[in-house]
Amino acid sequence: MRSYAMQEQFSRGRRYPEDPYDHVRSMFERDTDRVIHSRSFKRLAGKTQVITGRRSDHHRTRLTHSIEVATLCRSVARRLDLNPSLAACLGFCHDLGHPPLGHCGEEVLNEICRRYGDSFEHNRHTLTIVDEFEQKYATCPGLNLSFEVREGIVKHSAHTDLASDPTLAEFDPALHPPLEAQLIDYLDEVCYCYSDLDDALETGFIGLEKDILPALPRFRDLFESLAARYPSAGPRLIFNETLRRLMNQTVLDLTGQTRENIAAHGIETLSDVQRASRRLVDYSLDTGEWIQALKVFLRRAYYKHPQIHDRRVENVAKIRRLYELYDEEPNRLPARYQGMIRSGKLPRHRVIVYYIAGFTDFYFFQMSQKFGL
């Protein structure tokens, strides 16, 4: 492991001290197991990645996506001589705070919070889940994860505004997170871009000849080259091979560019990483442009597909109505959440939003049907 990797002996430890009874797993490996055994992680199996409901048995959920991100993070961290256990743990837990119905669920819950001068953001909510909402141990609330995992949860996105939230004061906003955390946003993007393209074709929302090949020249050029090389393979197998190779090229580019950035900034220690003039994980300019082109295509052809858009509008309206129902009749909430409202530690709107954020898509539809929304 490089000297600028996050090494366990330099960890700031856990909020609640524990007896070091486990001599088999490292701290970050134990954190990973705690995340995987959490109820929030299990619920990711029922949460939308893009497609709501079971249009196919093979499209991604938040759970399968999180597994893909975590295993890729582990591999890239090893390639960069970073800490693979920390990187994998952050990959597994990066979406724990996502509400049902994908990003539209997050947007409507944030919209509700803004009525009260508040906000909802899934990374911040992930920290709330692992620090407070999970109930596993008699000795402390939450999962009692290491500081570095908790820091990576709230800092992996460069767009998170830590300075405006006094409850996050322990995570110095002036310092970049370790490289293991910086990997998350990029490898999350790599996974969802290529897997969403795969899912969109698998479920019939877009076509290969009609949509993908005309709109994405880089994909088309490689596809045609591989089709000529493997003439007996059908179009779907050539698509799979093209996707696999493009994803591999993207990961290799990210790894190479990050190494160049580390060298260019004279990085030798973890402190150098934290105090660098910019984050160090990045693509080359050419690959960055390709990923942006792929995202624009997916947004136009897939995320805004009429069938997906119309269902999203309908479901967002149901979330609003469900919130209003719980706000008017908080006795419909589970006893734990009613107690949170009575205690006054959290405002009513946030308790309700947190409750809804924990729903799977299936449970959301159950509640919508139960209350006739």
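**Figure 1. An aromatic cluster in the predicted model.** In this predicted model, one aromatic cluster is formed by Phe133, Tyr326, Tyr337, Tyr354, Tyr355, Phe359, Tyr363 and Phe371. Two of these cluster members, Phe359 and Tyr363, are good ones to zoom in on. The ring centres of Phe359 and Tyr363 lie 4.8 Å apart with the planes at 90°, so this pair is edge-to-face. Phe359 has a relative accessibility of 2% and counts as buried, whereas Tyr363, at 29%, is partly exposed. Phe133, another member of the cluster, has Arg336 over the face of its ring, 5.4 Å from the ring centre.

**Figure 2. A stacked phenylalanine pair in helix α10.** Searching the whole structure turns up 15 aromatic pairs. In the pair of Phe219 and Phe223, the ring centres are 6.4 Å apart and the planes meet at 20°; planes under 30 degrees apart count as stacked, so this pair is stacked. Helix α10 covers residues 217–229, and because Phe219 and Phe223 are four residues apart in this helix, about one helical turn separates them. Both Phe219 and Phe223 are buried.

**Figure 3. An arginine over a phenylalanine ring.** Here is a charge over a ring to look at alongside the one in the first view. Arg12 lies over the face of Phe147, and the distance to the ring centre is 3.9 Å.

**Figure 4. The second largest pocket and its lining.** This pocket holds about 430 Å³ of space. Its lining is made up of 16 residues, and those closest to the pocket centre are Arg39, Arg43, Phe133, Arg336 and Tyr337. Two or more lining residues come from each of the elements α2, α6 (122–133), α15 (335–343) and α16 (348–357). If you are curious about the chemistry of the lining, it divides into eight nonpolar, four polar and four charged residues. You will recognise Phe133 and Tyr337 from the aromatic cluster, and Arg336 as the arginine over the face of Phe133.

**Figure 5. Threonine 48 in a loop.** Take the loop between α2 (39–43) and α3 (62–79), and you will find Thr48 there. With a relative accessibility of 3%, Thr48 counts as buried. Setting aside neighbours within four places in sequence, Thr48 is in contact with Arg62, Leu101, Gly102 and Asp361.

**Figure 6. Phenylalanine 10, ahead of the first helix label.** Phe10 sits in the segment before α1 (27–36). Its relative accessibility is 55%, so Phe10 counts as exposed. Along the chain, Phe10 and His58 are 48 residues apart, and their C-alpha atoms are separated by 42 Å.

**Figure 7. Methionine 247 and its contacts.** Met247 belongs to helix α11, which runs over residues 235–264. A relative accessible area of 24% makes Met247 partly exposed. Met247 and Val190 are 57 residues apart along the chain, and their C-alpha atoms are separated by 7.2 Å. Not counting residues up to four places away in sequence, Met247 touches Leu72, Val190, Cys191 and Tyr194.

Definitions and conventions. Residues are numbered from 1 along each chain as its sequence is written. This is a predicted model: local features need pLDDT of at least 70, side-chain atom pairs count only at pLDDT 80 or more; totals for chains, interfaces and linings use all residues. Side-chain values use heavy atoms; hydrogens and water are left out. Rings of Phe, Tyr and Trp (its six-membered ring) pair if their centres lie within 6.5 Å; planes under 30 degrees apart count as stacked, over 60 as edge-to-face and the rest as tilted. Buried means under 20% relative accessible area, exposed over 50%, partly exposed in between (1.4 Å probe, protein chains only). A charge sits over a ring if NZ of Lys or CZ of Arg is within 6 Å of the ring centre and within 35 degrees of the ring normal. Contact means heavy atoms within 4.5 Å. On a 1 Å grid over the protein atoms alone, a cavity is a set of points where a 1.4 Å probe fits but cannot get out, and a pocket is an open set with protein on both sides within 12 Å along at least five of seven lines; lining residues have an atom within 4 Å of a point. Grid points are joined across faces, edges and corners, and a volume is the space filled by probe spheres set on the points. Ala, Val, Leu, Ile, Met, Phe, Trp, Tyr, Cys and Pro count as nonpolar, Asp, Glu, Lys and Arg as charged, and the others, Gly among them, as polar.
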